[in-house]
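Visitor: I would like to learn how to read a model like this one. Please take me through a few features in turn.

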Amino acid sequence: MAAATGVRAAVAARAEGIVKAYGAGETRVVALDRVSIEIGSGAFTAIMGPSGSGKSTLMHCLAGLDTVTSGRIWVGETEITGLKDKKLTRLRRDRIGFIFQAFNLLPTLNALENITLPMDIAGRKPEKEWLERVIATVGLADRLKHRPAQLSGGQQQRVAVARALAARPAIIFGDEPTGNLDSRAGAEVLGFLRRSVDDLGQTIVMVTHDPVAAAHADRVLYLADGRVVDDMANPTAELVLDRMRRFDARGRVS
Ligand SMILES: Nc1ncnc2c1ncn2[C@@H]1O[C@H](COP(=O)(O)OP(=O)(O)OP(=O)(O)O)[C@@H](O)[C@H]1O
């Protein structure tokens, strides 16, 4: 945003008028309907909204995992709409991290090997100091030699968080990263995500249905029917719950 001072707040990603339609003719579904947003750098943004409102589609488009029908998307200064496959793959690998609901760890590798695997594949050497900070931030220092089967669900997701953080991506996208965890383990992982924003300056965008999870974010974007219908700063679980109760599935005040 251009502030009165003329200083532009750092933006990690930007979407301008994006439309995503699936199918054609009678089966055509508009999953995103002219969405324009800016994702602040070093901030934790949650995306909420009813089932089918376009949350995953928005995340996948912002992350370059899916293409848009029209509109433009930037990650940092790079416009990703129109990038050729090869460049897009490289951009995703170098600048974007993912945390999914399923932890997606390799069972034969220990925690540390899982954390560094994407960098090993990319032929990049992890920075030792950074890696140590990441491991300390997610509280895994005494579990590095354990294989996934020897870790709790919460610890496995912390390994997935550390794996995403290790490469210092511009943005980490989380698709219901605590969806498979009980509330205690979920709270722990969310606490570590919060710390990675506060202590390491990480930018995180997370899709969630859970008001308690959303309350860990700095901002909640609400989608309904493929449109952004609200933008809440400094959410609390109560405010989010209240917001969800007051609006129906199309984002209208009931
Ligand atoms: N590959 C696809 N082909 C056709 N329609 C799709 C496809 N993916 C998503 N859609 C449709 O686009 C709309 C948005 O879907 P999306 O998965 O983004 O919603 P969501 O908000 O993430 O939902 P949920 O909370 O249930 O995961 C829905 O109407 C969905 O049916």
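Guide: This is a predicted model. Start with the ligand: helix H1 gives the largest share of the shell around the ligand, three residues.

Visitor: Which elements give two or more residues to the shell around the ligand?

Guide: They are strand S2 (29-40) and helix H1 (55-62). The residues around the ligand include Val 29 and Ala 31, as well as Lys 55, Ser 56 and Thr 57. Tyr 22, Gly 23 and Gly 49 are also among them.

Visitor: How many residues of the shell are nonpolar, polar and charged?

Guide: The shell has three nonpolar residues, eight polar ones and one charged.

Visitor: S2 is a strand. How should I read the sheet?

Guide: Strands of a sheet pair through backbone hydrogen bonds, in either a parallel or an antiparallel way. Here four strands make an open sheet in the order S2-S1-S4-S5, with antiparallel pairing. S2 and strand S5 (78-79) are at the edges with a single partner strand each, so one side of each has no neighbour in the sheet. Strand S1 (residues 11-22) pairs with S2 over eight bridges, and Ala 21 stands opposite Val 30 in S2.

Visitor: At what angle do the axes of helix H4 and helix H5 cross?

Guide: The axes of H4 (residues 128-137) and H5 (residues 153-166) cross at roughly 150 degrees and come within 9 Å. Angles over 145 degrees count as roughly antiparallel, so H4 is roughly antiparallel to H5. The crossing is right-handed.

Visitor: Which residues make the contact?

Guide: Leu 131, Val 134 and Ile 135 of H4 meet Ala 162, Leu 165 and Ala 166 of H5. By class, that contact has six nonpolar residues, no polar and no charged ones.

Key. Residues are numbered from 1 along each chain as its sequence is written. This is a predicted model: local features need pLDDT of at least 70, side-chain atom pairs count only at pLDDT 80 or more; totals for chains, interfaces and linings use all residues. A residue is near a molecule or strand if its C-beta atom, placed from the backbone, lies within 6 Å of it. Ala, Val, Leu, Ile, Met, Phe, Trp, Tyr, Cys and Pro count as nonpolar, Asp, Glu, Lys and Arg as charged, and the others, Gly among them, as polar. Two strands pair if DSSP finds at least two bridges between them. Axes are lines fitted to C-alpha atoms, for helices over the stretch in contact, and angles run from 0 to 180 degrees between N-to-C directions. Angles under 35 degrees count as roughly parallel, over 145 as roughly antiparallel, 65 to 115 as roughly perpendicular and the rest as oblique. A crossing is left-handed if the near helix is turned anticlockwise from the far one by less than a right angle, and right-handed if clockwise. Two residues are in contact if their C-beta atoms, placed from the backbone, lie within 7 Å.
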